[in-house]
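This report introduces a single protein chain to a reader who has not met it before. It takes up salt bridges, the overall architecture, a surface patch and the empty spaces, in that order.

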Amino acid sequence: MSSIYPYADRYPVNSVMPETGRDRAEILAELGDLAQSEDSVWETGQCSGTMYCGDHDHYAFMAKAFEDFAHVNALQRDMCPSTTRFEGEIIAMTLDMLNASAIEDSEPVGMVTSGGSGSILHAVLAYRDQGRANGIDRPNIVKPETGHPAFDKAGYLLGVEIRKAPIDPDTTKADLAGVAELIDDNTVALIGSATNYGYGTIDPITELGELALERGVGLHVDGCLGGFILPWGEALGDGFPRRDFRVPGLTT
């Protein structure tokens, strides 16, 4: 039962609304205890994909920045124009980092979401609606089997078939022939990962872009893990393959 009710051996479990509230100091002490217990796991260094920085000073800085706006419903842009400013700057800096200046046939745009799964869902929505506008009523998207599971969730929610292509067992990268075999007239996009969630390897994005152009479909590159690190690795000369808007055929 500990996995269903974690920490039940240390703190009571609320199964109904309490009749009385708790002291704030008591609540903060409990939260601090839980946080310290969980930090001790990743602080060993044997963790990937859950904690993204080990600098507690930076955590404190981010907490302070969040604290100043935590009470705000950012939807009210007339009352909170700072949110529009933050969003615009985030998008502009990210487009610059991903070399969006290489796009010549359209104007690059972006949006801020709640996280990796939300970003994937919006990408699938965009391709689905573009497909519908082109007369495709039963769209499908082809992803490597190592693609983020949020694509499967988005496909289920949005009525898009997610076809899974094999990977090369030696490189753990997308098998291009396997991807090509799954493309048909209802395919609206291909998926590549930079990096993929399971192995941390980068799919052959340039070749996927060529395939997308050849077959007239979009190419979405998922950078949920590594997307904001790889550009700086490339700048250091580490030989990372291109996986941004400089790749012909890459659309999102």
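## Salt bridges

A total of 15 salt bridges is counted in this structure, which is a predicted model. One of them joins the side chains of Asp33 and Arg10, with a distance of 2.6 Å from N to O. This pair connects distant parts of the chain, as Asp33 belongs to helix α1 (residues 24-42) while Arg10 lies in the segment before α1, 23 residues apart. Asp33 is partly exposed, because its relative accessibility is 23%. Arg10 is likewise partly exposed, its relative accessible area being 38%.

A further salt bridge is formed by the side chains of Glu89 and Arg85, at 3.3 Å from N to O. Both residues belong to helix α3; they are four residues apart, so about one helical turn separates them. How exposed is each of the two partners? Glu89 has a relative accessibility of 36% and therefore counts as partly exposed. Arg85, with a relative accessible area of 55%, is exposed, because the cut-off for that class is over 50%.

Asp129 and Arg128 also meet through their side chains in a salt bridge, at 3.0 Å from N to O. Here Asp129 is partly exposed at 37% relative accessibility. Arg128 has a relative accessibility of 14% and so counts as buried, since buried means under 20%. Elsewhere, Glu234, Arg243, Asp244 and Arg246 are joined into one network by salt bridges that share partners.

## Overall architecture

The chain contains eight helices and four strands. Read from the N terminus, these elements follow the order α-α-α-α-β-α-β-α-β-α-β-α.

The C-alpha trace extends over about 65 × 45 × 45 Å along its principal axes. Of the 252 residues in the chain, 32% are buried.

## A nonpolar surface patch

Five residues, Phe69, Phe86, Ile90, Met93 and Val112, make up a nonpolar patch on the surface. Together they present about 450 Å² of accessible area.

One member of the patch, Phe69, is located in the loop between α2 (56-67) and α3 (81-97). Phe69 counts as partly exposed because its relative accessibility is 39%.

## Cavity and pocket

Rolling a probe the size of a water molecule over the atoms reveals where empty space remains. How many cavities of 30 Å³ or more does the structure hold? There is one, and the largest cavity encloses about 30 Å³ of space. Its lining consists of Thr146, Gly147, His148, Ser193, Thr195, Asn196, Tyr197, Asp222, Cys224 and Leu225. Sorted by class, the lining of the largest cavity comprises three nonpolar, six polar and one charged residues.

The second largest pocket has a volume of about 220 Å³. Around this pocket stand Pro6, Tyr7, Ala8, Tyr11, Pro12, Val13, Asn14, Pro18, Arg22, Glu26, Glu30 and Leu34. The lining of the second largest pocket divides into eight nonpolar, one polar and three charged residues.

Methods:
Residues are numbered from 1 along each chain as its sequence is written. This is a predicted model: local features need pLDDT of at least 70, side-chain atom pairs count only at pLDDT 80 or more; totals for chains, interfaces and linings use all residues. Side-chain values use heavy atoms; hydrogens and water are left out. On a 1 Å grid over the protein atoms alone, a cavity is a set of points where a 1.4 Å probe fits but cannot get out, and a pocket is an open set with protein on both sides within 12 Å along at least five of seven lines; lining residues have an atom within 4 Å of a point. Grid points are joined across faces, edges and corners, and a volume is the space filled by probe spheres set on the points. Ala, Val, Leu, Ile, Met, Phe, Trp, Tyr, Cys and Pro count as nonpolar, Asp, Glu, Lys and Arg as charged, and the others, Gly among them, as polar. Patches are made of residues with over 30% relative accessible area and no salt bridge: like charges are joined within 9 Å, nonpolar side chains (Val, Leu, Ile, Met, Phe, Trp, Tyr) within 5 Å. Accessible areas come from the Shrake-Rupley method with a 1.4 Å probe; for residues, only the protein chains shown count as cover. A salt bridge is a side-chain nitrogen of Lys or Arg within 4 Å of a carboxyl oxygen of Asp or Glu. Helices (H or I, at least four residues) and strands (E, at least two) are DSSP runs, numbered from the N terminus. Buried means under 20% relative accessible area, exposed over 50%, partly exposed in between (1.4 Å probe, protein chains only).
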